[in-house]
Amino acid sequence: MEHEMEVINTSYYDSETFGRLYDEYYQPVFGFLYSRTSHAETAKDLTSETFFQALKNLHKYKPRAGASFKSWLFSIAVAQVGNYYRRRSKYLEITTEEAPEILGKDEFRPDIAFQMGEDEQELKEKIELLHVLMKKLNQKQQTIITLRFFSHMSIPEISGVLHMKEGTIKSHLHRAIKCLQVLMKETQQTNVFEVQTQKKYDRAIVAQH
Amino acid sequence: MTEQSSHNIEDLFERMGSIQISEDTEHRYALRRKILCSKYFHKSNAQDHKKLFFLIVPFFASGFIVIALTVSSSTSLQNDTSTSIAPVLLSEQIATEVTASSLLTDAPVAQYIDDRPMIPMGRDSNRVVMNMANVLYAQ
């Protein structure tokens with residue numbers, strides 16, 4: 001911690017020292033932003049903005065108990081995500097059905113399942129579904145889940161990032177998981193119903209023939 | 001059942017989180033270069049120079065003022081010792097002349113030690129000379 005503080009103090013005027021901080025935190029910040037936006041190019045832009053904002057406001061950083069440099073940096077990243085979603089709400093959304101050519105592009109990687117092997121089909125489907133359902137949660141809950149499970153942060157660390165009490169974080173997390181359970185159950189039931197209806201339909205067609 | 005499904009979701013999240021997100025190395029180094037060459041570092045360097053300037057300039061300026069004051073005071077002291085006697089002598093001389101003769105008449109009495117012309121005097125001028133003499137005598 002003291003060593004990090006020295007690095008931070010020096011990096012205000014020494015570019016090489018700031019480079020060391022950048023090297024350490026680039027991957028976690030990019031990973032968080034990618035998980036939150038599900039879009040590689042957007043995550044790159046937001047990562048750039050996060051580091052520039054950090055550099056610009058480095059003199060304002062004051063180390064406090066439970067507020068490490070990592071928490072401070074992630075709070076900037078969270079603010080960037082908030083700005084991005086606010087801006088995006090003004091744009092016209094196009095679904096992948098409307099623009100199928102986007103799917104072929106390298107930067108469109110809708111979820112982590114993209115990187116998994118083809119043999120884990122069931123798990124892949126579940127993960128895809130969970131990723132879709134996650135979008136139905138509110139922004140705060142999505143951020144908390146991403147910080148907890150994708151950035152592997154502890155509850156006190158998340159509390160430092162979001163400037164919220166640990167109890168509030170826990171209750172948000174609990175509520176989000178419960179909400180996902182319900183949504184997943186509903187979706188699975190709908191899927192089962194759809195499968196049963198499809199089977200009945202197939203049987204009826206077979207009977208006709 | 002709910003407990004189990006909650007664990008399932010957490011397990012799924014942990015599984016998702018355990019997969020390393022591949023980064024774009026090109027972007028990483030391009031951004032690094034951009035940040036390290038950014039104006040913010042130049043700005044902070046310029047601010048350092050400015051701070052240094054504002055520290056050094058008042059120091060030298062105050063030093064110069066002190067030196068100037070010391071020199072001027074020492075020279076003025078030397079001037080005082082060489083010239084201060086003369087006015088007293090002059091004033092004594094004027095005073096004696098004033099008291100002895102000229103106050104009774106309207107004739108001019110004040111006279112410089114050097115060869116400057118005498119001051120033309122009327123009644124008012126006499127009064128002035130008298131006042132000066134009084135002051136000088138009192139000293």
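Here is a short walk through the place where chain A and chain B meet, followed by a look at one helix of chain A. Keep in mind that this is a predicted model.

Let's start with how much the two chains share. On one side, 43 residues of chain A are in contact with 32 residues of chain B. Putting the chains together buries about 3600 Å² between them, and carbon and sulfur atoms give 69% of that area.

Charges and polar groups take part too. There are 2 salt bridges between chain A and chain B. In one of the salt bridges, the side chain of A:Lys44 meets that of B:Asp24, at 2.5 Å from N to O. The count of residue pairs in polar contact between the chains is 9, with both partners at pLDDT 80 or more.

So which helices make up chain A's side of the meeting place? At least two residues each come from α2 (15–37), α3 (40–56), α5 (121–134), α6 (139–150) and α8 (166–208) of chain A. The largest share belongs to α2(A), with 13 residues. Sort the residues on this side of chain A by type and you get 22 nonpolar, 12 polar and 9 charged.

Now have a closer look at α3(A). This helix has 17 residues and spans 24 Å from its first C-alpha to its last, close to the 24 Å expected at 1.5 Å a residue. Is α3(A) mostly covered or mostly uncovered? Mostly covered: 12 of its 17 residues are buried. Among them are A:Leu46, A:Phe51, A:Phe52 and A:Leu55. A:Lys44 is on the buried list as well, and A:Lys44 is the residue that forms the salt bridge with B:Asp24.

Methods: Residues are numbered from 1 along each chain as its sequence is written. Chains are lettered from A and ligands numbered from 1 in the order in which they are written. This is a predicted model: local features need pLDDT of at least 70, side-chain atom pairs count only at pLDDT 80 or more; totals for chains, interfaces and linings use all residues. Side-chain values use heavy atoms; hydrogens and water are left out. Contact means heavy atoms within 4.5 Å. Buried area is the accessible area (1.4 Å probe) that two parts lose on being put together, summed over both. A salt bridge is a side-chain nitrogen of Lys or Arg within 4 Å of a carboxyl oxygen of Asp or Glu. A polar contact is a pair of N or O atoms within 3.5 Å; within protein, one must be able to donate a hydrogen and the other to accept it, and residues adjacent in sequence count only if both atoms are side-chain atoms. Helices (H or I, at least four residues) and strands (E, at least two) are DSSP runs, numbered from the N terminus. Ala, Val, Leu, Ile, Met, Phe, Trp, Tyr, Cys and Pro count as nonpolar, Asp, Glu, Lys and Arg as charged, and the others, Gly among them, as polar. The expected span of a helix is 1.5 Å times one less than its number of residues. Buried means under 20% relative accessible area, exposed over 50%, partly exposed in between (1.4 Å probe, protein chains only).
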